[in-house]
There are 4 protein chains.
Amino acid sequence: MENRARVLIDCTDEKGLVYKISKIFYDRDLNIDSNREFVDKEKSKFFMRTVVTGDFDINELETALQVVVPQNANLKVIEPRRKKIVILATKESHALGDILIRHEAGELDADIEAVIANHDVLEQLVRRFEIPFFHVPTESMSREEHEKKVSELIDEHEFDYIVLAKYMRILTSSFVSCYPRQIINIHHSFLPAFIGANPYKQAFERGVKIIGATAHFVTNDLDEGPIIAQDVIPVNHRFEWRDMQKAGRDVEKIVLSRALNFVLNDRVFVHGNKTIVF
Amino acid sequence: MENRARVLIDCTDEKGLVYKISKIFYDRDLNIDSNREFVDKEKSKFFMRTVVTGDFDINELETALQVVVPQNANLKVIEPRRKKIVILATKESHALGDILIRHEAGELDADIEAVIANHDVLEQLVRRFEIPFFHVPTESMSREEHEKKVSELIDEHEFDYIVLAKYMRILTSSFVSCYPRQIINIHHSFLPAFIGANPYKQAFERGVKIIGATAHFVTNDLDEGPIIAQDVIPVNHRFEWRDMQKAGRDVEKIVLSRALNFVLNDRVFVHGNKTIVF
Amino acid sequence: MENRARVLIDCTDEKGLVYKISKIFYDRDLNIDSNREFVDKEKSKFFMRTVVTGDFDINELETALQVVVPQNANLKVIEPRRKKIVILATKESHALGDILIRHEAGELDADIEAVIANHDVLEQLVRRFEIPFFHVPTESMSREEHEKKVSELIDEHEFDYIVLAKYMRILTSSFVSCYPRQIINIHHSFLPAFIGANPYKQAFERGVKIIGATAHFVTNDLDEGPIIAQDVIPVNHRFEWRDMQKAGRDVEKIVLSRALNFVLNDRVFVHGNKTIVF
Amino acid sequence: MENRARVLIDCTDEKGLVYKISKIFYDRDLNIDSNREFVDKEKSKFFMRTVVTGDFDINELETALQVVVPQNANLKVIEPRRKKIVILATKESHALGDILIRHEAGELDADIEAVIANHDVLEQLVRRFEIPFFHVPTESMSREEHEKKVSELIDEHEFDYIVLAKYMRILTSSFVSCYPRQIINIHHSFLPAFIGANPYKQAFERGVKIIGATAHFVTNDLDEGPIIAQDVIPVNHRFEWRDMQKAGRDVEKIVLSRALNFVLNDRVFVHGNKTIVF
């Protein structure tokens with residue numbers, strides 16, 4: 001019986017880790033389909049993502065690996081499986097639409113469980129794809145009340161990740177802390193440039209010659225979470241800020257989908273405020 | 001007799017400007033070799049760079065144009081000529097070296113009048129090219145005294161532009177204000193990200209996936225002058241900050257040389273805190 | 001009454017063209033919203049795209065311009081209007097999906113009149129957006145018969161452009177010649193590299209470090225028509241050809257949509273086998 | 001005593017390779033400073049580059065590794081050392097100059113033993129850096145005679161690699177076969193587009209929107225050797241072919257230096273007609 005597993009290890013670096021881990025694979029006669037390692041020497045941290053195949057029991061493998069990695073190790077042995085996501089959006093359809101099209105084509109390694117938006121503009125688009133859409137208006141409600149409703153809706157669904165596909169509301173610390181390393185945002189600037197509101201207007205005012213987008217995990221600090229992917233496009237003096245916004249949308253959606261693809265394939269390790277992307 | 005001139009106009013926008021200007025060219029039977037215009041509608045500003053050839057007197061042409069453009073217009077009619085530059089440097093040779101090689105190959109539209117450095121590390125390199133090198137050490141000297149010496153050295157030379165080829169000293173307002181729109185700097189980050197000291201360390205700490213460089217005119221505000229050119233390269237978690245620095249040097253030198261080429265060919269207009277690059 | 005028109009001129013270069021044309025604008029008290037010119041000196045060809053606003057009659061303006069441009073000039077004075085397109089596709093949804101999402105968001109300056117495909121895979125996706133879908137299978141049919149059916153379907157619709165959104169059939173000369181400069185294709189390589197079938201496999205076999213996509217007008221010569229837009233992404237030895245294909249799709253769809261946007265806004269001139277994109 | 005070695009393995013893939021190799025490191029108490037592996041599953045080939053440090057004898061390590069890798073394995077255990085290069089050039093100085101400046105700054109991990117050129121244009125530049133320059137004119141000489149002279153000059157020097165820094169002569173098979181995987185060329189196009197003479201003119205004629213450069217090992221087939229690095233820059237209709245050439249030079253020199261850096265650091269494996277770059 002041919003099994004397949006992703007072995008994800010994130011631990012203090014020690015001499016012999018690769019040897020001890022590969023011995024466990026060797027003893028079980030496993031094939032190594034792909035193997036990526038990284039050592040942060042300064043912080044003495046070891047990261048490894050290995051895909052193994054063979055005739056093995058996933059729990060037994062995990063237990064065996066547990067013995068050889070340091071006690072504080074963050075070890076996961078995962079069967080590749082389709083993940084589940086909940087998407088938060090506002091009014092713009094480009095990032096959401098890109099995910100919907102990939103989903104429809106079977107190119108997204110995830111099921112979209114629900115789309116939740118603070119406006120109803122995107123309802124028709126989402127319903128076209130027969131995906132549950134929830135409108136949670138913000139009117140006559142405090143930020144906390146609104147978030148509570150959103151949070152309740154999220155929690156009614158199974159999900160691995162929450163994807164902010166241009167969700168234009170700032171999230172409170174208490175919301176964010178409920179979903180550690182589970183919220184992925186696309187910020188419409190080349191962070192850390194132009195943190196905060198309307199980065200395209202800021203970019204226009206500053207007269208930059210390149211604009212970009214940044215996909216990152218959301219932490220308590222606004223626009224300060226670990227960066228997963230970034231990309232840029234050239235602009236020039238003929239771009240008004242609306243033109244930058246329009247051109248930027250292409251970068252936003254591609255960067256978000258690229259980051260999402262990394263995350264859904266368990267290729268991303270969070271390391272302090274950074275990421276390792278294998 | 002075939003003359004050639006660059007006509008540079010920067011003025012309040014008015015109806016009929018193109019007509020009135022092109023009529024002057026037409027009346028003198030001039031050829032338009034290239035023509036670029038831009039209108040900032042919001043600020044109602046008109047920019048034009050036209051290269052004309054024909055049998056004409058450059059002063060007469062300027063006088064004629066003066067009549068049809070608004071009174072406050074910034075009008076220049078320039079015979080293309082080799083410019084002169086003074087370079088300021090510190091210890092790193094990549095940006096300076098790139099300019100020296102282009103100069104030697106006859107590909108820089110400027111003569112290098114002098115290289116002034118606050119260290120003597122680059123003296124041998126510069127002397128290899130038989131270009132005057134001046135070492136102005138900073139020891140036992142106030143910032144103002146040092147700048148005064150540098151300024152005196154600069155002023156002994158003819159120059160159109162001062163090029164900061166990784167000159168790692170912050171310039172005072174009084175120095176900068178002596179050379180308005182004449183100082184071109186290369187900053188080793190994708191501004192406005194990572195303003196200030198050691199941007200590569202900042203980029204490393206932030207965990208960005210792309211680094212860049214920015215060539216800009218120097219104004220009183222540190223790293224805030226009008227941007228002329230920017231470019232970027234991808235990095236990843238395997239880059240320590242020294243690796244980013246090393247990789248970034250290629251971007252720095254190319255961006256500086258590209259910006260310098262624009263400026264030396266009179267292709268750059270400063271517009272508030274931005275540039276128009278034709 | 002405020003009108004707006006795009007003036008598109010493509011003619012033999014002559015002295016005084018800009019003057020004569022701008023005089024006509026001036027005499028009618030028109031505002032020039034944007035103005036781009038290009039002269040191919042070697043071939044002595046003049047290209048101009050000007051957007052004018054004001055109180056004017058579009059036919060009178062065209063007649064007046066007709067008088068001052070050379071006889072052979074290709075002159076158009078166009079009121080900006082929403083164009084119509086017919087899309088041809090096969091099985092892949094990324095390029096089609098990108099256009100559908102933009103269309104839904106009102107960001108495409110065109111109506112999609114119909115989608116015609118040689119497979120029925122994309123039917124559901126297209127129907128979700130309530131856009132007419134036509135399946136023209138190729139079975140038990142010659143290439144000419146199939147094209148005839150497609151052509152008849154196309155001709156039943158109003159259209160300005162035919163967009164090949166990864167239509168994986170080679171078109172015959174007789175088909176192409178029915179729609180000169182009206183067919184826009186996205187080729188999944190950085191042309192002229194990897195002309196023909198399965199460029200990703202070719203790219204993989206060749207071991208390139210960058211792959212790309214090319215949007216171009218379709219002419220009789222396969223993959224040889226005037227290029228409108230191109231873009232690239234880096235790849236490396238870890239990419240199998242399927243990975244290149246997957247990564248390449250993002251470039252394909254963005255490049256096609258970018259080219260389509262240029263064309264729909266009348267920003268593209270065909271000049272021999274090249275394009276001028278203003 | 002702290003040693004450091006690069007372990008380079010290129011062999012048939014087998015189960016247990018990583019285990020057996022890492023066991024050898026572990027048994028000798030070595031630190032793994034960096035480790036990169038790649039398996040070409042289709043061709044069943046295994047590639048590994050590991051940097052180890054510790055108290056070890058390099059020959060003993062190699063012998064021990066020899067035992068565990070397949071018999072046909074290409075195994076090298078190398079002490080990092082400064083390489084030696086011979087440069088061939090013609091008239092253009094940008095690629096050569098870039099290497100000279102890096103060399104002077106101590107940023108090139110190689111000594112330049114000699115520069116050999118078929119013209120004397122670059123003699124002064126090379127002599128400025130006190131590097132031996134040899135002019136081998138081609139006049140009144142067959143291609144074979146000329147190559148014989150060049151080859152004799154090369155062979156008088158110690159070298160690891162021959163760098164063609166825009167050497168504009170086609171090399172014969174017999175010359176190339178003397179230096180297998182030792183000749184690195186920079187081709188001034190995004191290969192495989194525009195193989196052969198004057199690729200910028202070809203690119204101009206084709207009307208591409210992006211141009212590039214390709215660094216590759218030289219094999220018997222012109223412009224067909226394994227690609228090490230590529231990069232591109234955007235161009236547009238305003239670029240004549242001379243402008244493309246000028247802009248392209250920046251890409252050429254950066255790509256060549258980047259490839260050279262990979263090669264000098266033993267980061268490149270040749271795999272059929274491709275490269276693995278760790």
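Two residues are in contact if their C-beta atoms, placed from the backbone, lie within 7 Å. The exercises below concern a predicted model.

**Exercise 1. Place B:Phe194 and decide whether B:Phe194 is buried or exposed.**

Solution.
- Start with the secondary structure. B:Phe194 sits in a loop of chain B, between β9 (183-187) and α7 (199-206).
- Next, list its contacts, leaving out residues up to four places away in sequence. B:Phe194 touches B:Ser189, B:Pro199, B:Gln202 and B:Ala203.
- Then count neighbours. The cut-off for a buried residue is 20 or more other C-beta atoms within 10 Å. B:Phe194 has 25 C-beta neighbours inside 10 Å, so B:Phe194 counts as buried.
- Add a distance. B:Arg206 follows 12 residues apart in sequence, and the two C-alpha atoms are 9.7 Å apart in space.

**Exercise 2. Find how chain B is related to chain A.**

Solution.
- Recall the general case. Two copies of a chain are related by a rotation about an axis and a shift along it.
- Take the values here. A turn of 180° and a shift of 0.0 Å along the axis lay chain B on chain A, with an RMSD of 0.0 Å.
- Draw the conclusion. The two copies are therefore related as by a two-fold rotation axis.
- Locate the axis in chain B. The C-alpha nearest to the axis belongs to B:Ala193, at 2.2 Å.

**Exercise 3. Describe the side of chain B that touches chain A.**

Solution.
- Count the residues. Chain B has 22 residues in contact with 22 residues of chain A.
- Name the elements. β11 (227-234) and β13 (274-277) of chain B each give at least two residues to this side.
- Sort by class. The side of chain B holds 12 nonpolar, six polar and four charged residues.
- Compare the two sides. Of the interface residues of chain B, 100% are also interface residues in chain A, so the copies meet through the same surface.

**Exercise 4. Which element gives the largest share of the side of chain D that touches chain A?**

Solution.
- Begin with the contact count. 13 residues of chain D are in contact with 13 residues of chain A.
- List the elements with two or more residues on this side. They are α1 (17-27) and β2 (31-40) of chain D.
- Pick the leading contributor. α1(D) gives the largest share, six residues.
- Finish with the classes. This side of chain D has five nonpolar, four polar and four charged residues.

**Exercise 5. Describe the contact between domain 1 and domain 2 of chain A.**

Solution.
- Set the bounds. The domain assignment of chain A gives domain 1 as 3-78 and domain 2 as 83-277.
- Take the separation. The centres of the two domains, taken over C-alpha atoms, are 32 Å apart.
- Count contacts. Nine residues of domain 1 are in contact with five residues of domain 2.
- Trace the domain 1 side. β1 (3-12), β2 (31-40) and β3 (45-54) of chain A each supply at least two residues.
- Classify that side. Four residues are nonpolar, no residue is polar and five are charged.

**Exercise 6. How many residues of helix α1 of chain B are buried, and what do they pack against?**

Solution.
- Count along the helix. α1 (residues 17-27) of chain B is mostly covered, with eight of its 11 residues buried.
- Name some of them. The buried residues include B:Leu17, B:Tyr19, B:Ile21 and B:Phe25.
- Find the partners within the chain. The buried residues pack against β2 (31-40), β3 (45-54) and α2 (58-68) of chain B.
- Cross to the neighbouring chain. They also pack against α1 (17-27) and β2 (31-40) of chain C.
- Check the helix end. B:Asp29, just after α1(B), takes a positive phi of about 60°.

Technical notes
Residues numbered from 1 in each chain as written. Chains lettered and ligands numbered in written order. Predicted model: local features only at pLDDT ≥ 70, side-chain atom pairs only at ≥ 80, totals over all residues. Helix = DSSP H or I, 4+ residues; strand = E, 2+ residues; numbered from the N terminus. Nonpolar A, V, L, I, M, F, W, Y, C, P; charged D, E, K, R; others polar. Buried ≥ 20, exposed ≤ 12 C-beta atoms within 10 Å, placed from the backbone. Least-squares fit on C-alpha atoms with pLDDT ≥ 70 in both. Domains from an automatic or database assignment.
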